[in-house]
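Biologist: I should like to learn how to read a structure of this kind. May we go through it feature by feature?

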Amino acid sequence: QATTVTPLVDIYENDDEILVLADFPGVPEKALTVHIDRSGLLIEGTQPEPEGATQVRPLRFSRSFRVPNTVDPRRVSAELSGGVLRVHLAKSEAAKPRRIEVRSA
């Protein structure tokens with residue numbers, strides 16, 4: 001039975017996306033779940049059972065977030081590297097700031 005913990009997370013935002021960085025140490029890519037819908041973003045992952053270790057239980061990481069309606073759910077991507085999950089929440093074109101040209105009358 002895995003122990004459930006909340007992974008540490010950093011969140012950054014720029015004009016194009018919201019970037020979520022979450023710590024998932026020891027979790028293989030195939031054991032990760034990233035799910036987004038209207039209610040929000042859910043990230044989960046479980047470490048594999050340690051071989052031969054009967055006193056050590058694996059950790060199950062789980063965290064959920066509400067996401068603004070400016071995020072385009074069709075353009076969400078994720079990658080895992082060095083135990084850090086990077087989730088890119090791309091903003092819709094309508095939500096991006098744009099420069100308005102001012103013309104003289």
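Modeller: Let us begin with the pairing of strands. In this predicted model, strand β3 (residues 17–23) runs antiparallel to β8, and seven bridges join the two. Within this pair, Val20 stands opposite Val87 of β8, and Ile18 has Leu89 as its bridge partner in β8.

Biologist: Which other strand pairs with β8, and over how many bridges?

Modeller: Strand β7 (residues 71–81) does, in the antiparallel sense and over seven bridges. Here the bridge partner of Val76 is Leu89 in β8. Leu89 is therefore a useful residue to follow in the display, as the bridge partner of Ile18 and of Val76.

Biologist: How many residues lie between β7 and β8 in their hairpin?

Modeller: There are two residues between them, and Gly82 in the turn has a positive phi of about 60°.

Biologist: In what order do the strands of this sheet stand?

Modeller: The order of a sheet is read from one edge to the other. Here four strands form an open sheet, β2-β3-β8-β7, with antiparallel pairing. Strands β2 (9–13) and β7 each have a single partner strand, so one side of each is left without a neighbour in the sheet. On average, neighbouring strands of this sheet are turned by 15° against each other, direction ignored.

Biologist: Is β8 (residues 84–91) mostly covered or mostly open, and how many of its residues are buried?

Modeller: Burial is read residue by residue, with under 20% relative accessible area as the cut-off. In β8, six of the eight residues are buried, and the strand is mostly covered.

Biologist: What is the order of strands in the open sheet that has mixed pairing?

Modeller: That sheet has four strands, in the order β1-β6-β5-β4. Its edge strands are β1 (3–5) and β4 (32–37), each of which pairs on one side only. From one strand to the next, the twist averages 15°.

Biologist: How should I read the word "mixed" in that description?

Modeller: One looks at the direction of each pair in turn. Strands β1 and β6 pair in the parallel sense over three bridges, whereas β5 and β6 run antiparallel and are joined by six bridges. In the parallel pair, Val5 has Phe61 as its bridge partner in β6. In the antiparallel pair, Ile43 stands opposite Arg63, and Glu44 stands opposite Ser62.

Biologist: What does the side chain of Ser62 contact?

Modeller: A bridge partner may also be joined through its side chain, and this should be checked separately. The side chain of Ser62 makes a polar contact with the side chain of Glu44, at 3.3 Å. Leaving aside neighbours within four places in sequence, the residues in contact with Ser62 include Thr4, Val5, Leu42 and Ile43.

Biologist: Which residues of the largest nonpolar core touch the most other members?

Modeller: A core is read as a network of contacts among its members. This one has 15 residues, of which Val20, Phe24, Leu41, Ile43, Val87 and Leu89 touch the most other members. Strands β3, β5 (40–46), β6 and β8 each supply at least two residues of the core. Phe24 touches Ile43, Phe61 and Leu85, among other residues, when those up to four places away in sequence are not counted.

Biologist: Is Arg66 buried or exposed?

Modeller: Arg66 is exposed, because its relative accessible area is 79% and the cut-off for exposed is over 50%. Its place is in the loop between β6 (59–65) and β7. Not counting residues up to four places away in sequence, Arg66 touches Ser39 and Gly40. From Arg66 to Ala105 the distance is 45 Å, C-alpha to C-alpha, with their positions 39 residues apart in sequence.

Biologist: How many helices and strands does the protein chain have?

Modeller: The chain has zero helices and eight strands.

Biologist: What are the spans of the C-alpha trace along its principal axes?

Modeller: They are about 80 × 25 × 20 Å. The radius of gyration is 18 Å, whereas a compact globule of 105 residues would have one near 13 Å. Buried residues make up 29% of the 105 residues. Among contacts with a separation of 6 or more, 49% join residues 24 or more positions apart.

Conventions: Residues numbered from 1 in each chain as written. Predicted model: local features only at pLDDT ≥ 70, side-chain atom pairs only at ≥ 80, totals over all residues. Heavy atoms only, no water. Buried < 20%, exposed > 50% of the residue type's maximum accessible area, 1.4 Å probe, protein only. Pairing = 2+ DSSP bridges. Axes fitted to C-alpha atoms, helices over the stretch in contact; angles between N-to-C directions. Contact = heavy atoms within 4.5 Å. Polar contact = N/O pair within 3.5 Å; in protein donor to acceptor, adjacent residues only side chain to side chain. Core = buried A, V, L, I, M, F, W, Y, C linked by side-chain atoms within 4.5 Å. Rg over C-alpha atoms; globule rule 2.2 N^0.38 Å.
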